[in-house]
Amino acid sequence: MKIIRHLTPTGPAYAALQPDGSARTITGDLFGAFQLTTQTITPGKRLAPVVPTSILAIGLNYVEHAAEGGRGAPEVPVLFMKSPSSLQNPGDPIELPRHLASGEVDFECELAVVIGKRCKNVSREHALDYVLGYTCANDVSARDWQRRPLSGGQWCQAKSFDTFCPLGPVLITPDEIPDPSRLHIRTRLNGEVMQDAATSTMIFDVPRLIEFLSGSKTLLPGTVILTGTPHGVGFARTPPIWLRAGDTVTVEIDGIGELTNPVVEEPCATASTPPAAGTAPLSFR
């Protein structure tokens, strides 16, 4: 099933895309009992397919990406977190921060895994039983905060600016992706391919990541796991390629679709427009 979250006159709602391009409404709790109805609708504005309870992200999960950053393959998964307020819808802009960043903002295509039910101490063998679905993610990163001597090492700060976690365009249920290690993933910047890899080259595959993460913490329904990015990111290029206002960046995963976002400067706050950091989370609920 291809599940979308979209805006209706009464607020956000879920629907399932059909082969003919139409959509049917979904009722109930996506993280509990839900039902696909026979009611056909025209979807409204597309939203991020879930509002995460938490965003757990994995670094250095492809050998070539670790190498381009001057690192070896880690012995265990490298975990960092992104703020849920970094969530962004498909089609809405990635905003380049006006404060606390020098303009070194980078792209990272990633496969995102959405946990569907409470998950703790789960074995690799049963890990995929807890997956609600898969979607595309862009782990946008302020590299000056992550890598510079005066601020380097602050991964959570670097990756948690508002709009730095686009998700979408759909949530694909596991019946359509029985093996998440057999997907192809790429990033295109202004139409040019920047990253191009297979999820089979992950160091730690999806079942291993779920086993590892659930061994130390309860994964609540709605937890989003970003599984790492392959090589080809902007900071590792000569010269580096940073996101600039006017760019368009697309993350594409075979079997899921394309997540496209324009890039803009963060709007200036005015008396009639509150700062984005104070209001952004509300737009997703």
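In the predicted model, Phe80 and Trp155 are both buried. Two aromatic pairs, counted as 2 by the ring-centre criterion, are present. In one of them, the ring centres of Phe80 and Trp155 are 5.2 Å apart and the planes meet at 65 degrees, so this pair is classed as edge-to-face. Phe80 belongs to strand β7 (residues 78–82) and Trp155 to helix α3 (residues 155–159); the contact therefore ties together parts of the chain that are 75 residues apart in sequence. Phe161 and Phe164 form a tilted aromatic pair, with 5.3 Å from centre to centre and 50 degrees between the planes. Phe161 and Phe164 are likewise buried. A ring is also involved in a contact with a charge: the charged end of Lys117 sits over the ring of Tyr130, at 5.0 Å from the ring centre.

Trp155 also appears in the lining of a pocket. The second largest pocket has a volume of about 210 Å³. Its lining comprises 18 residues, of which Leu60, His65, Gln146, Arg147 and Trp155 are the closest to the centre. Strand β6 (54–59), α2 (143–147) and α3 are the elements that each give two or more residues to this lining. The most is given by α2, with 3 residues. By residue class, the lining of the second largest pocket is made up of 7 charged, 6 polar and 5 nonpolar residues.

The cysteines were examined for disulfides, and the count is 0. The sulfur of Cys119 has its closest cysteine sulfur in Cys165, at 19 Å, which is too far for a bond. For Cys156 the closest cysteine sulfur is again that of Cys165, here at 13 Å, and this distance too is too far for a bond. A disulfide would require the two sulfur atoms to lie within 2.5 Å. The surroundings of Cys119 and Cys156 can be described by their accessibility. Cys119 is buried, with a relative accessible area of 0%, whereas Cys156 is partly exposed, with a relative accessible area of 38%.

Cys156 was also compared in position with Pro52. The two residues are 104 residues apart in sequence, and their C-alpha atoms are 16 Å apart in space. Pro52 is placed in the loop between β5 (46–47) and β6. Its relative accessibility is 4%, so Pro52 counts as buried. A second comparison concerns Leu87 and Val51, which are 36 residues apart along the chain and have their C-alpha atoms separated by 7.8 Å. Leu87 is located in strand β8 (residues 87–88) and, at 2% relative accessibility, counts as buried.

Backbone geometry was considered next. Most peptide bonds are trans, and most residues other than glycine have a negative phi. Departures from both patterns occur in the model, including those described below. The peptide bond from Gly168 to Pro169 is cis, with omega near 0 degrees, and Pro169 is placed in strand β14 (residues 165–172). A cis peptide bond also joins Thr238 and Pro239, with omega about -5 degrees. In contrast to the strand position of Pro169, Pro239 is found in the loop between β17 (223–226) and β18 (248–253).

Positive phi values are found at Asn121 and Asn190. Asn121, although not a glycine, has a phi of about 50 degrees. Asn121 lies in the loop between β11 (109–115) and β12 (131–138) and is exposed, with a relative accessible area of 55%. At Asn190, phi is near 55 degrees, a positive value in a residue other than glycine. Asn190 is in the loop between β15 (184–189) and β16 (192–198). With a relative accessibility of 48%, Asn190 counts as partly exposed.

Definitions and conventions:
Residues are numbered from 1 along each chain as its sequence is written. This is a predicted model: local features need pLDDT of at least 70, side-chain atom pairs count only at pLDDT 80 or more; totals for chains, interfaces and linings use all residues. Side-chain values use heavy atoms; hydrogens and water are left out. Rings of Phe, Tyr and Trp (its six-membered ring) pair if their centres lie within 6.5 Å; planes under 30 degrees apart count as stacked, over 60 as edge-to-face and the rest as tilted. Helices (H or I, at least four residues) and strands (E, at least two) are DSSP runs, numbered from the N terminus. Buried means under 20% relative accessible area, exposed over 50%, partly exposed in between (1.4 Å probe, protein chains only). A charge sits over a ring if NZ of Lys or CZ of Arg is within 6 Å of the ring centre and within 35 degrees of the ring normal. On a 1 Å grid over the protein atoms alone, a cavity is a set of points where a 1.4 Å probe fits but cannot get out, and a pocket is an open set with protein on both sides within 12 Å along at least five of seven lines; lining residues have an atom within 4 Å of a point. Grid points are joined across faces, edges and corners, and a volume is the space filled by probe spheres set on the points. Ala, Val, Leu, Ile, Met, Phe, Trp, Tyr, Cys and Pro count as nonpolar, Asp, Glu, Lys and Arg as charged, and the others, Gly among them, as polar.
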